[in-house]
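Open the model in your viewer and keep the sequence panel visible. The stops below go one selection at a time.

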Amino acid sequence: MESKKIFSAFFQYVCLNILGMLGLSCYILADTCFVSAGLGANGLTALNLAIPVYSFVHGCGLMLGMGGAAKYSVFRGQKEFQNANQTFTAALCLTVILSSLFLLTGIFFSGNLTAALHADIEVFAMTKTYLQVILLFAPAFMLNDLLLCFVRNDGNPKLSMAAMLTGSLSNIILDYLFIFSLRMEILGAVLATGFAPIISMCVLSKHLFTKQNQFHWARPGFSPGPILTFLSLGIPSLITEVASGIVMLVFNSIILRLRGNIGVAAYGIIANLSLVVTSIYTGIAQGMQPLTSRFYGYRKKEEIQKILQYAVITMLFISACLYFTLVSGASRITGFFNSETNDLLQQIAVTGMKLYFTAIPFSGFNIILSIHFISTQRALPAQVISLLRGFFLVIPMAFLLSGIWDMTGVWLSYPITEMLVCILGIILYKKSRQIA
């Protein structure tokens, strides 16, 4: 394929996915804004304590969606259409089973889960409400993740983007309606979040009833081999989402000890902004994934390298713009969330923002490289990158540096981790090219 055609396809997929992912992340950010305005610092704390559970549910949906869709694209490229349909069927069945377990957890164990997250008496009720409703809507979140990935890999990135944006816009509108007009407080915020994937799936349903749709239900009876393969490809996506939740839990615990609930609320602002920043890089990565998987199925190595180069250059340009915006506007951005004009919250968040977001170019590279490995059926290096940045490096670093430099160490643990993983990622990439 000519370079111009490759770049044109890359530009279309990436732009659409960045817009879609920005929209998707906005309904968590919208919750933060409306909860801050309607419920103050305690509302922010409850939201921040509950978000890791949402991240785990969303991560499971992405594990099945990204892993299944990547394998589906490779099978389509190799003209193995029956195997492609079997992959979709397996991913759909696993989504239904796993999401049902989350739903049952929400019904019977939301109180235990809230206590396990260390919610104190001031925020326990709000946290429990948010957690319970998120888990009750788990089937909607996970089915939406699955369909978004398969529709995108089925050659319809525009509809995937439209679905994400429609769901996000509806969440923002419902947030305002439920929290302020109907005065439903934290229940209103989480209901608005829960309805968003349902509205998104209504948009995606258009693809299922057109001739353009190439994935279909196949008779069950698939062997465990292909299932384990696409699960291994999807695990890095799960790790990335779960890691963000676990990092939040660890940071919450450390910051509660160092600065109390106000510190956790300040971190909540930064963590939610980080979700938006990460969504941009995820948009780049998910945009390149269908093209990379397709070229891998066609065995076109040169085109795969061009796609990766375009992705990294795009990421570096966006990183420079983002960091300048976040640092120059740190005080104004924090003030937007600080509805009670709490001076301590303002000071902690502004300082943290300037240090924490030095990580963004390294984080962007790690996300892109991990998806590149997934798209080319290299599960192990993708898993190594995801595990290091999500568990095995960032958590010890947070405890170590916070013990040395207090809150400054908390903020620096994230960029130092991402930088070290970035260096390792480059080494793994070079080795993978030598083997190929």
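Begin at Ser 110. Leaving aside neighbours within four places in sequence, Ser 110 is in contact with Thr 105, Lys 128, Leu 131 and Gln 132. Show the side chains of Ser 110 and Gln 132: they make a polar contact at 3.5 Å. Ser 110 belongs to helix α3, which covers residues 110–116. Is Ser 110 buried or exposed? Ser 110 is buried, with a relative accessible area of 3%. Keep in mind throughout that this is a predicted model.

**The whole chain**

Zoom out and switch to a cartoon view. The chain has 15 helices and 0 strands. Along the principal axes, its C-alpha atoms fill a box of roughly 60 × 45 × 35 Å. The radius of gyration is 21 Å, which agrees with the value near 22 Å for a compact globule of 436 residues. Colour by accessibility, and 59% of the 436 residues count as buried. Contacts also reach far along the sequence: among those between residues at least 6 apart, 82% join residues at least 24 apart.

**The largest nonpolar core**

Next select Phe 251, Tyr 267, Ile 284, Phe 357 and Trp 411. Of the 139 residues in the largest nonpolar core, these five touch the most other members. The largest share of this core, 30 residues, comes from helix α8, residues 224–298.

Centre on Phe 251 and display what surrounds it. Not counting residues up to four places away in sequence, Phe 251 touches Tyr 267, Tyr 356, Ala 398, Val 410 and Ser 413.

Stay on helix α8 and pick Ile 239, which also lies there. Which residues does Ile 239 contact, leaving aside its neighbours within four places in sequence? They are Gln 383, Ser 386, Leu 387 and Phe 391. Ile 239 is buried, at a relative accessible area of 7%. For a distance check, draw a line between the C-alpha atoms of Ile 239 and Val 394: the two residues are 155 apart along the chain, and the line spans 13 Å.

**Two covered helices**

Select residues 138–153, helix α5. This helix has 16 residues and reaches 23 Å from its first C-alpha to its last, close to the 22 Å expected at 1.5 Å a residue. Helix α5 is largely enclosed by the rest of the structure, because 14 of its 16 residues are buried. Just after α5, select Gly 155, where phi is positive at about 85°.

Now go to residues 360–375, helix α12. Helix α12 has 16 residues and a reach of 22 Å from first C-alpha to last, close to the expected 22 Å. Helix α12 is mostly covered, with 14 of its 16 residues buried. Just after α12, Gln 377 takes a positive phi of about 65°.

**Two arginines in loops**

Select Arg 183, in the loop between α6 (157–181) and α7 (185–208). Although Arg 183 is not a glycine, it has a positive phi of about 55°. Turn on the surface to find Arg 183 exposed, with a relative accessible area of 68%.

Then move to the loop between α8 and α9 (301–328), where Arg 299 is found. Arg 299 is not a glycine either, and has a positive phi of about 65°. Arg 299 is exposed, with a relative accessible area of 67%.

**The cysteines**

Finish by showing the cysteine sulfur atoms. How many disulfides are there? The count comes to 0 disulfides. Cys 202 is in no disulfide, and the nearest cysteine sulfur, that of Cys 149, is 18 Å away. Cys 202 counts as exposed, at 55% relative accessibility. The last selection is Cys 422, which is in no disulfide; its nearest cysteine sulfur belongs to Cys 321, 19 Å away. Is Cys 422 buried or exposed? Cys 422 is buried, with a relative accessible area of 11%. That falls under the 20% limit for a buried residue.

Notes: Residues are numbered from 1 along each chain as its sequence is written. This is a predicted model: local features need pLDDT of at least 70, side-chain atom pairs count only at pLDDT 80 or more; totals for chains, interfaces and linings use all residues. Side-chain values use heavy atoms; hydrogens and water are left out. A nonpolar core is a set of buried Ala, Val, Leu, Ile, Met, Phe, Trp, Tyr and Cys residues joined through side-chain atoms within 4.5 Å. Buried means under 20% relative accessible area, exposed over 50%, partly exposed in between (1.4 Å probe, protein chains only). Helices (H or I, at least four residues) and strands (E, at least two) are DSSP runs, numbered from the N terminus. Contact means heavy atoms within 4.5 Å. A polar contact is a pair of N or O atoms within 3.5 Å; within protein, one must be able to donate a hydrogen and the other to accept it, and residues adjacent in sequence count only if both atoms are side-chain atoms. A disulfide is a pair of cysteine sulfur atoms within 2.5 Å. The expected span of a helix is 1.5 Å times one less than its number of residues. The radius of gyration is taken over C-alpha atoms; the globule rule is 2.2 Å times the number of residues to the power 0.38.
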